Amino acid sequence: MPTESTPLDEILMTERELWVDGPPVETFARLRRECPVHWTSHISDYRPEPGYWSVTTQEDIHTVSRDWQTYSSELGGITAVSESVMPLELTRAMFIGMDPPKHDRLKALFQRGFTPKRIADHEATIRAIVTQVLDGLAGRDRVDLVTDVAQPVVSRVIGSFMGIPPEDDEIWARLMNTVLGAGDPDINPEGVSTVMERDVPEIFERCRALIAARRVAPSDDLTSVLVHAEVDGHTLEEHEIVMGFFLLMAAGNDSTKATYCSGMRALMEHPEERAKVLADPGLVPGVVEESLRMFPAFAHFRRTATRDTELHGQPIREGEKVVMWYVSSGRDESVYEDPDRFDVERNPVHQAFGAGGRHYCLGTALARLELRLLFEETLARYPRMAIDGVPRPVESPFANQLKTFPVRLEG
Ligand code: HEM
């Protein structure tokens, strides 16, 4: 672990040892103070890859995020690691890995269904999913909040959007978790390469069956939207449909689960904050925003410089990787007072969904609704829930989430 005296050029932000206990928030605080646009010389975990610029402040992330002409999502990959988990060709088949104009055309196909108004229509259904999962805990004293509550809820919600039968939820959750937590030794004991050799082919295989069914009989789910989408007069290639499906599944699966579990942990670790919410459930939306700020589900996303440029006085050369660390910008002390304090009344504006550029999260309304319902129902039923063991984070510089979180329901 780097200390305060480790030379800045020896700090390698994506090395696994920094992420064993969750994001290295102190190292990020040091970078914001001393070197807000910082160079990591290389990546040694995974397959060795060139290094990258770390962008750590809210203002600079905003600049990068807005300027897609200079900072491309298509040129080199969307995470610090370009190719070790998934070939670039597959990343570029998802609209999160495209630049305008194709990005905009594909995203537009989904935007109608994800507006706050359209998403609000799902409130009763999503609340029923949450209560059904919580009902299933009856008679138990101890549960794992990740696997027993968060996972089944988020899987069913996104599964219903995608048209997946409920009996397949567990299989899809496993596939998504292995790809997104690829480097974690518990999730992938056989190593990162098995993800490409075993899990990605299984995703393709299962997805092809769903696609074939929609070709014959279109339905009103999002898989059907992909299958029948026309962009510039052409339908999508099969790998684009599969990866579009993968993007929505992955984004819907991991993100909300992560934020709910980390937010519940913060409430249990700060009983005085939880007491305020129990006394006034109207504060739940504030819990959602504060959890997003402090525990963004995705620690970073990345761009690639399309030309020589400069950021915060730091020259950046064409082709270099530029990593936007949302785990850092949520604690930027130039924006937030006492940024490491969990405060349910802060109601912060944050960058957990991106910084407002072209790739701003499609699922914000859905994520906010799911999170509000999860917090509301959990707090109403189990106001004294208590931590009952060591919560363990996924060892990943990308997926910022717990993989186990044992709790006692009655506290
Ligand atoms: C707590 C929940 C969530 C968080 C923190 C989150 C975060 C993000 C972030 C940071 C990005 C921007 C990536 C970039 O800068 O390149 C993004 C994009 C995206 N998110 Fe979310 N997300 C969440 C929930 C969801 C949900 C529920 C969906 C539903 C399907 C979703 C779908 C997407 C899609 C499709 C994109 C790509 C948008 C584009 O490239 O234009 N997200 N998300």
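By class, how many nonpolar, polar and charged residues does the shell around the ligand have? Let's start there today. The count is 18 nonpolar, eight polar and one charged. Keep in mind that what we have up on the screen is a predicted model.

So, who is in that shell? There are 27 residues surrounding the ligand, and the closest are Ala 251, Ser 255, Cys 361, Gly 363 and Ala 367. If you look at which elements they come from, helix 11, residues 238–269, and helix 15, residues 364–381, each give at least two residues to the shell. Helix 11 has the largest share, with seven residues.

Now let's look at how those two helices sit together. Quick reminder for anyone new to this: two packed helices are described by the angle between their axes and the distance between the axes. For helix 11 and helix 15, the axes come within 10 Å and cross at roughly 35 degrees. The crossing is right-handed. If you want to click on the residues, the helix 11 side is Ser 255, Thr 256, Thr 259, Tyr 260, Gly 263 and Met 264, and they meet Ala 367, Glu 370, Leu 371, Leu 374, Phe 375 and Thr 378 of helix 15. Sorted by class, that contact has six nonpolar, five polar and one charged residues. You may recognise two names here: Ser 255 and Ala 367 were also among the closest to the ligand.

Helix 11 has another partner, helix 7, residues 145–162. Those two pack at an angle of about 145 degrees, with their axes 9 Å apart. Again, helix 7 passes helix 11 in a right-handed crossing. The list of contact residues is long, so I'll just pick a few: from helix 7 they include Leu 145, Val 146, Ala 150 and Phe 161, and from helix 11 they include Phe 245, Thr 256, Tyr 260, Cys 261 and Met 264. The class split for this contact is 14 nonpolar, five polar and one charged.

Hold on to Leu 145, Val 146 and Cys 261, please. Which residues does Phe 405 touch, if we skip those up to four places away in sequence? They are Asp 144, Leu 145, Val 146, Cys 261, Arg 265 and Pro 391. Phe 405 itself is in the loop between strand 13, residues 402–404, and strand 14, residues 406–408. Is a loop residue like this buried or exposed? Phe 405 counts as buried, because it has 27 C-beta neighbours inside 10 Å, and the cut-off for buried is 20 or more.

Let's move over to the sheet. Strands of a sheet pair through backbone hydrogen bonds, either parallel or antiparallel. Here we have an open sheet of five strands in the order 1-2-10-7-3, and the pairing is mixed. Strand 1, residues 37–43, and strand 3, residues 71–72, are at the edges with a single partner strand each, so one side of each has no neighbour in the sheet. Further in, strand 7, residues 300–305, pairs with strand 10, residues 321–325, in the antiparallel sense over five bridges. For one example, find Arg 303: its bridge partner in strand 10 is Val 322. And lying across strands 1, 2, 3, 7 and 10 is helix 2, residues 58–66, which runs at about 125 degrees to strand 10.

Next stop, Pro 23. You'll find Pro 23 in the segment before helix 1, residues 25–34. Pro 23 counts as buried because there are 25 C-beta neighbours inside 10 Å. Leaving out neighbours within four places in sequence, Pro 23 is in contact with Ala 299, Val 327 and Asn 400.

Last bit: some backbone oddities. Most residues other than glycine have a negative phi, and most peptide bonds are trans. Now look at the bond from Pro 100 to Pro 101: that one is cis, with omega near 5 degrees. Pro 101 is in the loop between helix 3, residues 88–91, and helix 4, residues 102–111. Then there's His 312, not a glycine, with a positive phi of about 55 degrees. His 312 lies in the loop between strand 8, residues 309–311, and strand 9, residues 314–316. Asn 347 also has a positive phi, near 50 degrees, and sits in the loop between helix 14, residues 326–329, and helix 15. With 14 other C-beta atoms within 10 Å, Asn 347 is partly exposed.

That's my tour, thanks for listening!

Technical notes: Residues numbered from 1 in each chain as written. Predicted model: local features only at pLDDT ≥ 70, side-chain atom pairs only at ≥ 80, totals over all residues. Helix = DSSP H or I, 4+ residues; strand = E, 2+ residues; numbered from the N terminus. Buried ≥ 20, exposed ≤ 12 C-beta atoms within 10 Å, placed from the backbone. Contact = placed C-beta atoms within 7 Å. Pairing = 2+ DSSP bridges. Axes fitted to C-alpha atoms, helices over the stretch in contact; angles between N-to-C directions. Near = placed C-beta within 6 Å. Nonpolar A, V, L, I, M, F, W, Y, C, P; charged D, E, K, R; others polar. Left-handed = near helix turned anticlockwise from the far one by under 90°.
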